[in-house]
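Q: Please take a close look at the pockets of this model, and follow that with the individual residues whose surroundings or backbone deserve a note. How is each one placed, and what does it touch?

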Amino acid sequence: MKSAPALLAVAISFTICTCRTFAQPATSRPADALRQRIGEPDWDILLARLAKSNSDIATRGIRSFKGTNDKLLTGYSYNEYYDWDLYFENIYLSYFGVNDYCFTNLKQFLAREQPDGYINRSLIKKRDRQDFKPFLAQLAVMGSKQRGGDYTWLVGDNYGRLSKYVDKWFSYDSDLNGLPVWNSADHSGMDNQWSRAGEMNAFTIEGVDLACYLVRELHAMAIIADKLGKPDDKQRFNDHAEAVVKLINNVFWDETDGFYYDRNEKTGQRVRVKSVAGFTPLWAGVAPADRAARIVHEHLLNENEFWLKYPVASYAKTEPDYYQGRKDKECNWRGSSWMPTNYLIFHGLIRYGFKEEARELSNRCFRMAVEENPVTREFYNAETGAGLGQTEFWGFSTLAYVMPLELDLGYDPTDLDTEVRPIVTEELGITFPPLAPTTGPMGK
């Protein structure tokens with residue numbers, strides 16, 4: 001890996017070169033269509049933002065980590081490494097054919113697995129019983145697909161650790177109904193949604209989002225098992241996924257309200273708080289078509305609930321504890337627009353045939369990121385589009401810049417069964433600054 005000064009020089013050179021290129025007409029048809037749709041001013045901003053994001057990642061987001069010669073990826077200037085952030089950050093890097101950090105970060109998380117399968121959801125801060133959200137196996141599949149479908153690096157301990165980690169999730173199930181609980185709202189990633197996901201260490205709420213992530217994680221494990229010649233494990237993971245799908249639709253669905261609510265394990269009652277988590281069945285593909293139509297038309301597109309000027313609000317506007325902005329320095333998930341959930345909903349809409357709604361969502365996310373803010377921000381005010389949180393950010397919010405292109409291409413890098421392609425490099429001709437490659441899939 002190059003030194004920090006060398007990387008900075010490369011990034012500056014890269015930015016200058018690509019900015020010169022920006023003045024030239026795009027030649028590919030998808031690029032032409034995108035350029036025409038967003039207009040010349042936004043096109044210029046888009047290319048500059050992609051260059052800035054790549055420069056920030058290359059010079060500030062790829063860091064040395066104590067105890068290893070590998071470089072790790074983070075979207076945060078304060079040098080922490082998180083669970084689902086890593087998944088979304090690597091989706092962005094996949095647009096440029098960069099996949100090393102699917103492996104180097106994953107290696108460090110797996111190395112910290114406890115004997116019972118527990119993996120802390122951040123690398124530096126030790127959190128009390130907050131497991132890595134169910135994205136590790138999906139990350140492993142994403143990385144392997146980018147390396148010619150090579151899954152051999154998972155043979156042995158790595159496969160065993162992933163299997164144990166997934167099994168550990170289902171141990172958080174006191175009523176033994178097959179649905180595990182979140183530690184808390186903080187654990188779910190939707191930090192202050194206490195009324196729907198519980199206070200710190202409550203271990204009370206069966207999250208519909210958690211169950212949907214686990215369906216996807218089980219399917220990813222089935223793919224890995226198949227690639228490694230383990231047919232019995234493949235069948236076991238697929239059967240388990242189907243069982244969880246049935247539970248999602250039997251336990252979380254409310255026919256009267258037409259919405260997927262979380263459930264309080266201790267009381268047995270649904271938690272009637274409308275959160276963006278209720279749309280994760282769209283992304284996971286577990287909602288029957290009629291239910292998908294209801295949650296889209298009655299709630300997602302409801303301008304009094306989630307479809308604000310810059311959707312999707314992370315909390316329905318009708319909730320009593322809804323608010324925009326920040327009251328202190330909190331990461332506000334009681335109404336703000338967050339790109340990870342917007343991105344998953346975007347692909348969920350496409351999956352169920354709501355292409356025009358997906359187009360409108362991608363357009364609004366793009367305008368929010370490009371027109372309302374001079375830099376990439378951590379999250380946004382869903383009513384005004386104003387940026388909030390980290391001001392020096394190159395993490396998951398960068399997905400807003402590429403959603404319109406994904407729509408035009410009919411491309412979904414989160415689809416476990418499709419190819420992962422460097423679409424920004426292929427279609428827009430933008431490459432990532434040169435980086436020293438790791439010597440193997442796990443940086444060995």
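A: The pockets come first, followed by a loop, a few helix residues, the backbone and the cysteines.

The model is predicted, and every value below is computed from it.

The largest pocket holds about 360 Å³ of space. It is lined by 22 residues, and those closest to its centre are Y76, Y82, D191, C331 and E378. Sorted by class, the lining of the largest pocket consists of 11 charged, 9 nonpolar and 2 polar residues. Of the elements that contribute, helix α4, which spans residues 83–94, gives the most to this lining, with 3 residues.

The second largest pocket has about 210 Å³ of space. Its lining is made up of 13 residues, with R216, H219, D415, L416 and D417 nearest the centre. By class, these lining residues are 6 charged, 5 nonpolar and 2 polar. Two helices, α10 (208–227) and α11 (231–252), each supply at least two residues of this lining. The greatest share comes from α10, which gives 6 residues.

Helix α11 also carries Q235. With a relative accessible area of 45%, Q235 is partly exposed, because that value lies between the 20% limit for buried and the 50% limit for exposed. The side chain of Q235 makes a polar contact of 2.7 Å with the side chain of D239. Another pair that includes Q235 is far apart: E406 is 171 residues away in sequence, and the C-alpha atoms of Q235 and E406 are 32 Å apart in space.

Next is the loop between α13 (289–300) and α14 (339–351), where Q324 is found. Q324 has a relative accessible area of 16%. That is under 20%, so Q324 counts as buried. Two backbone atoms lie within polar reach of its side chain. One is the backbone oxygen of G335, which is 2.6 Å from a polar atom of the Q324 side chain. The other is the backbone nitrogen of A382, reached by the Q324 side chain at 3.0 Å. G335 and A382 also appear among the residues in contact with Q324 when neighbours within four places in sequence are left aside. The rest of that set is L308, N332, S336, Y380, N381 and E383.

The loop between α13 and α14 also contains V312. The peptide bond that joins P311 and V312 is cis, with omega at about 10 degrees.

Two further residues have a backbone detail of another kind. N79 is not a glycine, yet its phi is positive, at about 65 degrees. N79 sits in the loop between β2 (71–73) and α4. Its relative accessible area is 27%, and N79 is therefore classed as partly exposed. R129 is likewise not a glycine and has a positive phi, of about 55 degrees. The place of R129 is the loop between α5 (100–111) and α6 (136–146). With a relative accessibility of 42%, R129 also counts as partly exposed.

D100 belongs to helix α5. Its relative accessibility is 12%, which means that D100 is buried, given the cut-off of 20%. The side chain of D100 is joined to that of R147 by a polar contact of 2.4 Å.

That leaves the cysteines. How many disulfides are there? The count comes to 0. C212 illustrates this: it is in no disulfide, and the nearest cysteine sulfur, that of C365, is 20 Å away. A disulfide needs two cysteine sulfur atoms within 2.5 Å, so the pair C212 and C365 does not qualify. Is C212 buried or exposed? C212 is buried, because its relative accessible area is 0%. C102 is buried as well, with a relative accessible area of 0%.

Terms used. Residues numbered from 1 in each chain as written. Predicted model: local features only at pLDDT ≥ 70, side-chain atom pairs only at ≥ 80, totals over all residues. Heavy atoms only, no water. Buried < 20%, exposed > 50% of the residue type's maximum accessible area, 1.4 Å probe, protein only. 1 Å grid on protein atoms, 1.4 Å probe; cavity = no way out; pocket = protein on both sides within 12 Å on 5 of 7 lines; lining within 4 Å. Points joined across faces, edges and corners; volume = space filled by probe spheres on them. Helix = DSSP H or I, 4+ residues; strand = E, 2+ residues; numbered from the N terminus. Nonpolar A, V, L, I, M, F, W, Y, C, P; charged D, E, K, R; others polar. Polar contact = N/O pair within 3.5 Å; in protein donor to acceptor, adjacent residues only side chain to side chain. Contact = heavy atoms within 4.5 Å.
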